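Biologist: Please put the model up. I have some questions about how its parts fit together.

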Amino acid sequence: MPEHISLLRIPMGQTVRLQSLASLHPSLRRRLTDMGIDEGSIIRLKKISLLGGPIVIECNGQLIGLRQNQVKQLEVVPTWT
């Protein structure tokens, strides 16, 4: 099984697979699942703002802005080998 990595450590534009939402706050987990983002979803890192600003990810054709502390809680695995 691949090792989890931080979404903040992958190159811009790279894709990863969402492994787990278990560590997220329940309200954020609910919002993401309402948008169709669930375990197994493919996420692409689109933008990292400077000085602790929001991170923009793309999933299912949607662009979503998340706080950096929220992104750190996402458990992702690389889609490349």
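Biologist: Leaving aside neighbours within four places in sequence, which residues is Q68 in contact with?

Modeller: This is a predicted model, where local features need pLDDT of at least 70, side-chain atom pairs count only at pLDDT 80 or more, and totals for chains, interfaces and linings use all residues. Residues are numbered from 1 along each chain as its sequence is written, and side-chain values use heavy atoms, with hydrogens and water left out. Contact means heavy atoms within 4.5 Å. On that basis, Q68 is in contact with L8, I48, S49, G52, G53 and I55.

Biologist: Is Q68 buried or exposed?

Modeller: Q68 is found in helix 2 (residues 68-71); helices are DSSP runs of H or I, at least four residues, and strands are runs of E, at least two, numbered from the N terminus. Buried means under 20% relative accessible area, exposed over 50%, partly exposed in between, with a 1.4 Å probe and protein chains only. The relative accessible area of Q68 is 18%, so Q68 is buried.

Biologist: Which residue has its backbone oxygen 3.3 Å from a polar atom of the Q68 side chain?

Modeller: The backbone oxygen of S49 lies 3.5 Å from a polar atom of that side chain. At 3.3 Å, the backbone oxygen belongs to G53.

Biologist: Which strand gives the most residues to the largest nonpolar core?

Modeller: A nonpolar core is a set of buried Ala, Val, Leu, Ile, Met, Phe, Trp, Tyr and Cys residues joined through side-chain atoms within 4.5 Å. The largest one has 19 residues, and those with the most contacts inside it include I57 and L66. Strand 1 (15-20), helix 1 (26-34), strand 2 (42-48), strand 3 (55-59) and strand 4 (62-66) each give two or more residues. The most, three residues, come from strand 3.

Biologist: Which strands stand at the edges of the sheet, and why is one side of each left without a neighbour?

Modeller: The sheet is open, with five strands in the order 4-3-2-1-5 and antiparallel pairing. Two strands pair if DSSP finds at least two bridges between them. Each edge strand has a single partner, so one side has no neighbour in the sheet; these are strand 4 and strand 5 (75-78).

Biologist: What is the bridge partner of C59 in strand 4?

Modeller: Strand 3 and strand 4 run antiparallel, joined by five bridges. Within strand 4, C59 has as its bridge partner Q62.

Terms used
A polar contact is a pair of N or O atoms within 3.5 Å; within protein, one must be able to donate a hydrogen and the other to accept it, and residues adjacent in sequence count only if both atoms are side-chain atoms.
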